[in-house]
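These are my notes from looking through one protein model. I wrote down what I looked up, in the order I looked it up.

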Amino acid sequence: MSNMASLSSLVLLLAALILSPQGLANYDKPPVENPPVYKPPIEKPPVYKPPVENPPIYKPPVEKPPVYKPPVEKPPVYKPPVEKPPVYNPPVEKPPVYNPPVEKPPVYKPPVEKPPVYKPPVEKPPAYKPPYGKPPVHELNYEKPPVENPPVYKRPVEKPPVYKPPVEKPPVYKPPVEKPPVYKPPYGKPPYPKHPPTDDTRF
């Protein structure tokens, strides 16, 4: 309602000014105070903005060149020689160690059994008995029968093989024989004669 009243009053003032321009020529116009016009807030609908998807940017790998670092040469550090004081080691006296006498048990030696020795049977030759009733024979003319000793058995003796190490003869050094060169005078080629000189041809 207040808005409508203010609009009607403004319309009336404008009509009065238009109708009487001369009467109001010298009239100081009061300051026109325009009432504040209410402007309702404009509600703009929200604008849909799709999300911007930026494509992935390919960044090639950056290859840094190798940085040359010169070798660091450290100056030699002087270390003075360490002189250790001599350590006194007192002589160690070891007590005598008692060694009881060792009693060895008796060693059992089995009896040695010798193999039986083969003795061939001794065959005695038959004793000669002269026939009974014959006259006695004189001892000088009597010939005793030959005594045949039985053969004695001798076991074969087996000698163990004797090891003979191989004899290594040292190599004999033979110096190289250097034959002296034999001088052969050239014959048959000019200006030499075809035959060697003889006593007749020599002057």
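Surface first. I looked up the exposed area of this predicted model, and the protein exposes about 24700 Å². Carbon and sulfur atoms supply 64% of that area.

Next I asked what share of the 203 residues is buried. The entry is 0%. To count as buried, a residue needs a relative accessible area under 20%.

Then I looked up the helices and strands. I noted 1 helix and 0 strands in the protein. The helix α1 covers residues 2–19.

I went on to nonpolar patches on the surface. Leu14, Leu17 and Ile18 make one of about 310 Å². I followed up one of its members, Ile18, which is found in helix α1. Ile18 has 65% relative accessibility, so I wrote it down as exposed, the cut-off for that word being over 50%.

After the helix I checked Val32, which has its place in the segment after α1. Val32 is exposed too, because its relative accessible area is 64% and exposed means over 50%. I also looked up a distance from Val32 to Leu10. Their C-alpha atoms are separated by 9.7 Å, and the two residues are 22 apart along the chain.

Aromatic rings came next. How many aromatic pairs does the structure hold? I found 1. A pair of aromatic rings is described by the distance of the centres and the angle of the planes, so I took down both values. The ring centres of Tyr118 and Tyr153 are 5.0 Å apart. Their planes stand at 85 degrees, so I entered the pair as edge-to-face; that label applies to angles over 60 degrees. Both Tyr118 and Tyr153 belong to the segment after α1, and the pair links distant parts of the chain, 35 residues apart.

Are these two tyrosines buried, partly exposed or exposed? Tyr118 has a relative accessible area of 48%, so it is partly exposed. Tyr153 is at 42% and therefore also counts as partly exposed.

My last entry is on Pro120, which lies in the segment after α1. Its relative accessibility is 26%, so Pro120 is partly exposed. Which residues does Pro120 touch, leaving out those up to four places away in sequence? I noted Pro151 and Tyr153. For Pro120 and Tyr153 I added the C-alpha separation, which is 6.6 Å, with their positions 33 residues apart along the chain given as the spacing. Tyr153 thus appears twice in my notes, as a ring partner of Tyr118 and as a contact of Pro120.

Key:
Residues are numbered from 1 along each chain as its sequence is written. This is a predicted model: local features need pLDDT of at least 70, side-chain atom pairs count only at pLDDT 80 or more; totals for chains, interfaces and linings use all residues. Side-chain values use heavy atoms; hydrogens and water are left out. Helices (H or I, at least four residues) and strands (E, at least two) are DSSP runs, numbered from the N terminus. Buried means under 20% relative accessible area, exposed over 50%, partly exposed in between (1.4 Å probe, protein chains only). Accessible areas come from the Shrake-Rupley method with a 1.4 Å probe; for residues, only the protein chains shown count as cover. Rings of Phe, Tyr and Trp (its six-membered ring) pair if their centres lie within 6.5 Å; planes under 30 degrees apart count as stacked, over 60 as edge-to-face and the rest as tilted. Patches are made of residues with over 30% relative accessible area and no salt bridge: like charges are joined within 9 Å, nonpolar side chains (Val, Leu, Ile, Met, Phe, Trp, Tyr) within 5 Å. A salt bridge is a side-chain nitrogen of Lys or Arg within 4 Å of a carboxyl oxygen of Asp or Glu. Contact means heavy atoms within 4.5 Å.
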